[in-house]
Structures are given as C-alpha cells and as structure tokens.
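Dear colleague,

Please find below the structure that I am handing over to you. I would be grateful if you could look through it before reading my notes.

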Amino acid sequence: MGWEAYYRVVRRIPRGRVATYGQVALVAGKPRAARQVGYALSALRGTSHRIPWQRVLGSRNRASAAISILDPMGSAVQRALLEDEGVEVDERGCVSLARFGWRPRR
DNA sequence: GACATGACGTAAT
DNA sequence: TATTACGCCATGT
C-alpha cells in the first residue's frame, strides 16, 4: 500500500524529464527507500497502469541493468520512449541528469 | 517477531 | 572502470 506514494511521485515526472530511484524515494518522503521504489515499480510489469516507469533511472545517470535482465526488451523500450520524449540516451543507457533530470519543487 | 527477498545506493577494493 | 560488500526499508512467508 505504501507504494502508492512512490507511484504518485513517478506520475509527477513530466515528459522529457527523468528521475533516479533515490530521488523518487526522497520526494516520497523515504530518503533511503530507493529499493522499495524499484520493488514497487517491478510490480507494474505486465499490468495496466499509467506509471511512466521508463523515466526512472538507476544510479546517478544510468539506466537499471536489471531491467534488461528481467525484461530484455525493457531497456530498448525505455530508451525508445525516452527519446520520443526528447531525452537523449546513449548506447549504454546513460542520460545527462544536468540536462534532463527532473527538478521537483514548483 | 525473525528471516529472506529485491527495477537501489554508496564506499571500499 | 568493474566487482564486492554492506546498508536501507517495505513485503511476504
């Protein structure tokens, strides 16, 4: 149930912007619950939802490697969706947070 | 309540 | 830069 807070934060991420698990956790009020964010998002796989999970990246500016492990096409889909929103993603799945990082608070 | 699990994060090696 | 180790916290058994 507590995941609703995380989902709410992820839904706030606007198009063309990305956030990290840690940031989502922080905004949700759980500074050290990055794992729970990932765990919560994992529950979204294969379900009907409106959560832009592709805008949530892993450490600092990298896409989660686990995505490609659990869902081989996931990383490709994520990159395609992000680029469609105007976010530049390189071959390694790295994104410049300085340019596309989500800045909440306003 | 103890124990195991997990789309993570940071520091140490 | 890549690997390993450990910490954190919500869930489920």
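The notes below concern the surface near the DNA and then one residue of the protein.

Please bear in mind that this is a predicted model.

I begin with DNA strand B. There are 17 residues around this strand, and Arg35, Gln36, Ser42, Trp53 and Ser59 come nearest. By class, the surface near DNA strand B consists of 8 nonpolar, 7 polar and 2 charged residues. Three helices, α2 (21-27), α3 (34-42) and α4 (65-70), each supply at least two residues of that surface. The most comes from α3, which gives 7 residues.

On the side of the DNA, 38% of the atoms of strand B within 4 Å of the protein belong to sugar or phosphate, and the rest belong to bases. Several polar atoms of the protein can be placed against base nitrogens of strand B. For Arg35, a polar side-chain atom lies 2.4 Å from a base nitrogen. For Ser42, a polar backbone atom is 2.7 Å from a base nitrogen, and for Leu41 a polar backbone atom is 3.1 Å from one.

I turn now to Glu85. This residue is placed in the loop between α5 (72-84) and α6 (97-100). Is Glu85 buried or exposed? Glu85 counts as buried because its relative accessible area is 16%, and the cut-off for buried is under 20%. Leaving aside residues up to four places away in sequence, Glu85 touches Arg15, Gly16 and Arg55. With Arg55, the side chain of Glu85 makes a polar contact, side chain to side chain, at 2.7 Å.

With kind regards

Definitions and conventions:
Residues numbered from 1 in each chain as written. Chains lettered and ligands numbered in written order. Predicted model: local features only at pLDDT ≥ 70, side-chain atom pairs only at ≥ 80, totals over all residues. Heavy atoms only, no water. Helix = DSSP H or I, 4+ residues; strand = E, 2+ residues; numbered from the N terminus. Buried < 20%, exposed > 50% of the residue type's maximum accessible area, 1.4 Å probe, protein only. Polar contact = N/O pair within 3.5 Å; in protein donor to acceptor, adjacent residues only side chain to side chain. Contact = heavy atoms within 4.5 Å. Near = heavy atom within 4 Å. Nonpolar A, V, L, I, M, F, W, Y, C, P; charged D, E, K, R; others polar.
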